[in-house]
Amino acid sequence: MIRGFFIVCFILVSAQGWCQTETEVYLFDLELSNGKIALSNPKNISNNAGYDNQPSFWDDDSILFASTRKNQTDILKFNVKEGSTSSWLTYTTAGSEYSPLRIPGKNAFSAIRLDIDGLQLLYEYDFETGESTPIADLKIGYHVWFDDHILVATVLVDNRMDLIVLNLEENTQNTVYQNVGRSLHNIPNSDLVSFIGKKNDTWEILSLNPATGESKKITETYGKEEDIVWLDKNTIVTGAGKKLLSLDIDSGSEWETIIEFDQVEINNISRIAVSPNFKRLAFVAEESPSKTIQNQVQAFNNRDLNAFAECFSEDVKVQRFPNKTMYIGNSNLLDNYERFFENVKTSKVEVVKRIVLGNTIIDEEITQVDGREGHQVAIYSVENGLITSMMFVFPDGPLTDAESIVQAQLEAYNKRDIEAFSETYSEDIQLYQFPKTLNSQGKSKLVQQYGAFFENTPDLHCEVKNRIVIGNKVIDEESVTINGTNYRAIAIYEIEQGLIDKVTFIQ
């Protein structure tokens, strides 16, 4: 719940795009005791501009991952014991390597190589010399070693990934499941491999017996998060947004949060790995999406049209709040801003306030166009390092003391005074989920909902972390305490005739 409403193909990407998502690899000490998981001693072990991904442990004290350097992606080894030092294991000028894994019984690792001519194969690399040889003549996406000669891997088939078992000694391959995810792991203390099944709307974690090809459902994923790791034969860890969660499959309980990171650097946790002795854990996290927005602002101010357009997705939607679509598509955006730069001699945007909530960024901006000053708010959605939607809010509503009305509403909320709270709203108050899903309408319904809520929540309290006022609209970043738990959300209040007439929530 929040103050304003009840919270009722395998692609290997180059890291060279100007606004490509930057990822980092983080390493923690791990302790599992009596079913409780504790993480400590965090390190950013990549600390590199660009793409760093797919960690796996070579041994208890060293970890391999793919990292970008000199316009390509190579395999890097990080050693914890040797002074937290790093060393490069590959430098293939004809291509890039991804997804390194130690090969059982050998002083060698396997990795996917994507050559500059588009050829994608799995290779074996000698750990000392770096010499490589192809392992299989298949376009393998992801893989895990069951033993020194049996591979469980995914291959791309008709825009989906299928799961195969490769026996390198007998030179056989067998498709065992269609439509799977990228997360493949040996289940501790068993002869089974886990994988993610995507046949149904609800994704599943399944086990595979590579000897028989038999698969069985273990449990469901947390939402549609496909990256997992096993801490023992019963304990699974997954990532979701800024959280790490765990599940004890024997207990019948639900997914439980291990930790939620408040650092802006950690977002969209993925690709989790654990050391052989289960004493260290690594994961990949995206940099804050605000970096993409800042790159876009800088490109605009530099009048660099190509760099500006590269920050947006191909199907970006540009809108005017609350729901007027101006145009869709990167090509239309390019055309619009090309005309703008042609017709305007000077232009600049200054960000005076920024709110970040997950993949949503809200900027309050002062604009300068040929000497004329303007005031606007831009609401951005960012996915995979690109802006997928940009919505402008302008001060075009009726003149009113919007902030004082919203402040009165906040004070009544914190006092749990339903009468004073409801007096700040219009009779036809509408509550929306961003961008335009109507969740509730009418003051009588609001009084019914919030009256019961106030009565049942003695520790209820809201703190406004950031506030933007633009015309008749107030945008609040809110931190709310409810029954000992803290929630964050954004509320956009619209004032008409001295009352709150519409609220739109972003969660």
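1. Two strands count as paired if DSSP finds at least two bridges between them. Strands here are DSSP runs of E with at least two residues, helices are runs of H or I with at least four, and both are numbered from the N terminus. With that in hand, look at β31 and strand β36 (residues 499-506): they pair in the parallel sense over five bridges. Within that pairing, L431 stands opposite V503 in β36.

2. A word on what you're looking at. This is a predicted model, where local features need pLDDT of at least 70 and side-chain atom pairs count only at pLDDT 80 or more, while totals for chains, interfaces and linings use all residues. Residues are numbered from 1 along each chain as its sequence is written, and side-chain values use heavy atoms, with hydrogens and water left out.

3. Now the whole chain. The protein chain has six helices and 36 strands. Its radius of gyration, taken over C-alpha atoms, is 26 Å, close to the 23 Å from the globule rule for 507 residues, so the chain is as compact as a globular protein of that length. That rule is 2.2 Å times the number of residues to the power 0.38. Measure along the principal axes in your viewer and the C-alpha atoms fill a box of roughly 80 × 60 × 45 Å.

4. How much of the chain is tucked away? Buried means under 20% relative accessible area, exposed means over 50%, and partly exposed is in between (1.4 Å probe, protein chains only). By that yardstick, 52% of the 507 residues are buried. The chain exposes about 23300 Å², and carbon and sulfur atoms supply 43% of that area; accessible areas come from the Shrake-Rupley method with a 1.4 Å probe, and for residues only the protein chains shown count as cover.

5. Back to β31 (residues 425-433), which is mostly covered: seven of its nine residues are buried. Besides its parallel partner β36, β31 is joined by four bridges to strand β32 (residues 437-441), and these two run antiparallel. A hairpin of three residues links β31 to β32, and the bridge partner of Q433 in β32 is T437.

6. For another hairpin, try β20 (residues 235-240) and β21 (residues 243-248), which pair in the antiparallel sense over six bridges. I236 has L247 in β21 as its bridge partner. Two residues sit between these strands, and G241 takes a positive phi near 65 degrees in this hairpin. On to the next strand: β21 also pairs with β22 (residues 256-260), antiparallel over four bridges, with E256 in β22 as the bridge partner of S246.

7. Which residues does S270 touch? S270 lies in strand β23 (residues 267-274) and counts as buried, at 12% relative accessibility. Not counting residues up to four places away in sequence, S270 touches R182, D227, F283 and V284, where contact means heavy atoms within 4.5 Å.

8. Finally, compare N174, in strand β14 (residues 172-177). N174 is partly exposed, with a relative accessible area of 42%. Setting aside neighbours within four places in sequence, N174 is in contact with L163, I164 and V165. The C-alpha atoms of N174 and P210 are separated by 9.6 Å, with the two residues 36 apart along the chain.
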